[in-house]
Each structure stands twice: as structure tokens, then as C-alpha cells.
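Dear colleague,

Here is the structure I said I would pass on, and my notes on what was found in it follow underneath. Please read them with the coordinates open beside you.

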Amino acid sequence: MQIQTPDWVKHAVFYQIFPDRFAISKQPRKRLLRNASWEDWHTMPTLQGYKGGDLWGVMEQLDYLQDLGINAIYFTPIFQSASNHRYHTHDYYQVDPLLGGNPAFKELLEAAHARDIKVVLDGVFNHSSRGFFFFHDILENGPHSPWLDWFKIENWPLAPYTGDLPANYEGWDGNRALPVFNHDNPEVREYIMEIAEYWLKFGIDGWRLDVPFEITTPGFWQEFRERVKAINSDAYIVGEVWTDARQWLDGSQFDGVMNYLFTAPTIAFTAGDRVVLEQVKDRSYQPYPALSAAEYAEKIQALLKLYPWEIQLTQLNLLASHDTARLLTIADGDQKSVELATLLLLTFPGAPSIYYGDEVGLPGAIDPDSRRGFPLEANWNKDIYQTHRQLIALRHAYPCLRTGDYKVLFAQGEVYVFTRTLKQEKLIVAINVGTSAVTIDLDMSELRSSQPNKLLYGSDEVKWDNQGDSGLSLNIPARTGCIIN
């Protein structure tokens, strides 16, 4: 079958926002609770506490995002919930009142779209919460509830709040707070499809799907795609799949997945032995052990062969998310690791996704610490911020960085060099993760263009010498990267 994916995603730079932690509105009159006992914004977050971020606050920061070069936002869940992360959905048709409710979201959508910024929501369709009305009815009425077949009830009585007794129903990952839907029930299936359709009609630009691999009902995701695309053929469907995702990326289901198969080797290469194992060893991806340039090239080339090119261009590439520690902390505070990984992220095929705060050097260990409040400007790492701004601007300026061919030129020791080529536009990207400057000789015979002669990104200490029509000698300082036109 011919694979079709949304063209706008190929040119997008995403910004992932955890709504409770990004921004609080400066207009208190718009907030539901003005005097709530929010946690202090700048203290370490807790598992259950709220810090009070809202959608009005996001709206007030759209100019900041636009200036950074962001043209797509991916929100973690925004629907009504009794948790700060909102993966415990109470009502799929209501934006959480603490965030401003449906009116705030409608105004935010309109303001974002006026700036040509797309908005993608997180769809938690594998499970709900025990506060979800349909499940709550079962808790109240037991076997007399008309909603029994919507969930996976195993026995009686149900024990939703105590660990001393069997739950007697299936909860996601054994969590009683998250009763799993029975997707084999046609009514459940239709309910979820209608939720997806409702918010697309409301104006969103796509869905990020939480743990979609847990839903194994035959034809479910095929129908989901058909119904979503019938409303908006350009809607983006991206799944949270941490491993080989070929079974979902055949053109009949998702447009892409969160590309942790890029994340892990990229961190292992750029951070190397600096990786703090306590921050990654229990995660679903493995950015360790350290990789040489040749090993990194092998993994990247295998990844680029894994899916059709049309799918590669709409993968959601990332270095961190709400489910991981932040890169700066993973790399034991090493700023160069962040800058080098960001260079690889912003020059790789697919849509880059920046986790809020990473662009200003926000640290954070594994959950809940990785979900800190966005820092005051006085606490930004300005070098990391400028790195992001510069690389995002270059990605927007050069189409080859978005949709051009990707070819490895050199991968030896600690030096990795590749080209991005689109028609007559060709860029060379080189990175030296080692602690010493390196000079390498490149074979340029296959590059059908004039020799590179302009440094677009990197240290002024980068030097190169043309060697006839087919050679280039390149000197790269330690722990730096460059882009040459």
C-alpha cells in the first residue's frame, strides 16, 4: 500500500509541555483556584502535588515558543483528572478545570493556529481512572452496573483503594488507579473513536497515543486511523512505542512513534561514560554502554532501514520526555553532551521534539524530578539555549535538514560525519565526542557540488582544507560539532 503521512510534520519542531509545570497565567481572574495550596514552583516536585500551571499560562508564552522556532506543541494529558500528570482520566470531553477548562483550550488553539503552531494531544485510551464515571458506577452498584463489560472485572468485591485485598479487576501495569478498558466491547471501541473525532472537530492537529501496544483488539488502530483521517487527512497519529514499531508503521495505523531507538544510541554516543546509570538502568530504553562512532553509525543506519522513508520523516525524535530523566542529569551535568546530542537531534530525519525546559538546561532525575517547574530566566543556561535557537533556525532555513537524504561519510574512533542532501542543497554535519581535537580526511567524490566553504554552525576553531575535487581535510576541536555548507 502507498504510505501517506502529514507533510507538516516533516517540517515541524515539537515542544513537549507538561501542563502543570510550564507556566502559570499572570491573570489570576482567569484561574479556577486563586488561593490553592500549590507547591512552590521552584521546589522539587512530588508525585501527587500540583504546582498550578495552566493553559492560560501556555498562551502567554506562545511568543517565546515562536521566537525559539517551535511550530508544534505536544501536550501530555489535559483532560479532567485527579493527578498532576493527568494520565488518570475522569472525563475525556472536559479539559481539566485547573488548566482553564474547554474555553481556555479553545482560546489557546486559536492563538496557536494564528501563529501557525500545531497542537497535538495525548490520548490515554488503554485505560481510564477509577474516578471515570463508567467505572465509578461499577464501584457503586457492583454486578448490577450496566457498565460491567466496559472493563475487565475478574471477581468480587472490587478493592480500588487498598492493597490488602485483590483488586479483582485489571489495572494497567497492576495499578488499581488505572482500570483497563475492554476494547473487545464494540461500545468501548465506539466511545474511544468518538472521543478522537470530537477533539479533531474541536480543532486539534493530532493524537499522541499512550501505550497503544497494550490495545491488541484486531483492527482497532486501523479503524482509528480511518476515522481520524476522515475528519482531517493531515492529522498526526504518533504512538508511544519504545522498541521496534514496524507492526504499527505499515501505513494503516500510525504516522510515527516516539523514536526512542534514536534517543538511546544518541545519548550513548554523545554522553558516553558520563551516563549516570541510576537514571537510566530501569527505563525501557538503554542509552548505555558508551558507543564508538562506528557503533553509533551501525545503529543509526539500521534504524534508517527499519521503516519506509515516508515514515522516517514523520517519526517523533526526542532526547528526553516526562517518562525519562532529563538529558543534562543523565549526562552527569555535562553541558557538551547536551549540545552534541541536540546537534544530532536537529539534523536527523523526522520531527525533533524538545521537552520543555531542556532548551534552557533544566536538570531533573527520573520521575517526579524530571517534571520540575520551568525555571526563571535568571537560571537559564544561556549557552544551551542559544544552541537550540541556532540549530532550530538552521533546520527551518535548510530543507535538506528536514527531508534530505542522510548518508554517513565517516565513522571512526570518536568522530561521526554525515551529509544531508536535497537536490542541489548539501550540508555536512560533523561531530567529535572525544576529548582531543581530531583531523580527518573525507572522500567527497560522491557529493555532486562545489566544495563546502561556509561554517553554518560550530566553533571558529573548526578548520578545513579542500584537497582537489574529491577530498576534504577537516579539523574538529574536542567535544564539538559543526555544520558546513
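I begin with helix α5, where what covers the buried residues includes α3 (55-60), α4 (62-68), β2 (72-75), β4, β5 (118-123) and α7. Please keep in mind throughout that this is a predicted model. The buried residues of α5 are Gly-101, Asn-102, Ala-104, Phe-105, Leu-108, Leu-109, Ala-111 and Ala-112. Because 14 residues at 1.5 Å a residue should span 20 Å, the helix, which runs over residues 101-114, agrees with that expectation, its end C-alpha atoms being 20 Å apart. Just after α5 comes Asp-116, which takes a positive phi of about 60°. Lys-106, for its part, lies over the face of Phe-202, at 4.9 Å from the ring centre.

The other helix I looked at in this way is α8, residues 220-231, for which twelve residues at 1.5 Å each should give a span of 16 Å; the end C-alpha atoms are 17 Å apart, which agrees. Its buried residues are Phe-220, Trp-221, Phe-224, Arg-225, Arg-227, Val-228 and Lys-229, and these pack against α7 (186-202), β6 (206-209) and β7 (236-239).

Turning to the aromatic rings, the count comes to 53 aromatic pairs. One of them is formed by Tyr-92 and Phe-181, a tilted pair with 6.4 Å from centre to centre and 40° between the planes. This pair links distant parts of the chain, since Tyr-92 belongs to strand β4 (residues 89-95) while Phe-181 is in the loop between α6 (133-141) and α7, 89 residues apart. Tyr-92 counts as buried because its relative accessibility is 1%, under the 20% cut-off, and Phe-181 is buried as well, with a relative accessible area of 1%.

Two further residues belong to the elements just named. Asn-182 is found in the loop between α6 and α7 and counts as buried at 12% relative accessibility; leaving aside its neighbours within four places in sequence, Asn-182 is in contact with Asp-149, Trp-150, Phe-151, Lys-152 and Val-188. His-90, in strand β4, is partly exposed, with a relative accessible area of 24%. With neighbours within four places in sequence again left aside, the contacts of His-90 are Gln-80, Ser-81, Ala-82, Ser-129, Gly-131, Phe-132 and Phe-133. The C-alpha atoms of His-90 and Phe-151 are separated by 15 Å, and these residues are 61 residues apart along the chain.

Further along the chain, Arg-371 has its place in the loop between β10 (351-355) and α14 (382-397), and at 7% relative accessibility this arginine counts as buried. Setting aside its neighbours within four places in sequence, Arg-371 is in contact with Phe-18, Arg-21, Pro-45, His-85, His-322, Asp-323, Tyr-355 and Tyr-356. Tyr-356 appears in another arrangement too, for Arg-326 lies over the face of Tyr-356, at 4.7 Å from the ring centre.

Lastly, the sheets. Five strands form an open sheet with antiparallel pairing, in the order β11-β12-β13-β18-β15. β11 (405-412) and β15 (455-457) stand at the edges with a single partner strand each, so one side of each is left without a neighbour in the sheet. Neighbouring strands of this sheet are turned by 25° against each other on average, direction ignored. Within it, strand β13 (residues 425-432) and strand β18 (residues 480-484) run antiparallel and are joined by five bridges, and the bridge partner of Ile-428 in β18 is Ile-484. Helix α13 (residues 335-346) packs on the sheet, where it touches β12 (415-422), β13, β15 and β18, and its direction makes about 30° with that of β18.

There is also an open sheet of three strands, in the order β14-β17-β16 and with antiparallel pairing. Its edge strands are β14 (438-443) and β16 (463-466), each of which pairs on one side only, and the average turn between neighbouring strands of this sheet is 15°, direction ignored. β16 pairs with strand β17 (residues 471-476) in the antiparallel sense over four bridges, and Trp-464 stands opposite Leu-474 in β17.

With best regards

Note on methods: Residues are numbered from 1 along each chain as its sequence is written. This is a predicted model: local features need pLDDT of at least 70, side-chain atom pairs count only at pLDDT 80 or more; totals for chains, interfaces and linings use all residues. Side-chain values use heavy atoms; hydrogens and water are left out. Helices (H or I, at least four residues) and strands (E, at least two) are DSSP runs, numbered from the N terminus. The expected span of a helix is 1.5 Å times one less than its number of residues. Buried means under 20% relative accessible area, exposed over 50%, partly exposed in between (1.4 Å probe, protein chains only). Contact means heavy atoms within 4.5 Å. Rings of Phe, Tyr and Trp (its six-membered ring) pair if their centres lie within 6.5 Å; planes under 30 degrees apart count as stacked, over 60 as edge-to-face and the rest as tilted. A charge sits over a ring if NZ of Lys or CZ of Arg is within 6 Å of the ring centre and within 35 degrees of the ring normal. Two strands pair if DSSP finds at least two bridges between them. Axes are lines fitted to C-alpha atoms, for helices over the stretch in contact, and angles run from 0 to 180 degrees between N-to-C directions.
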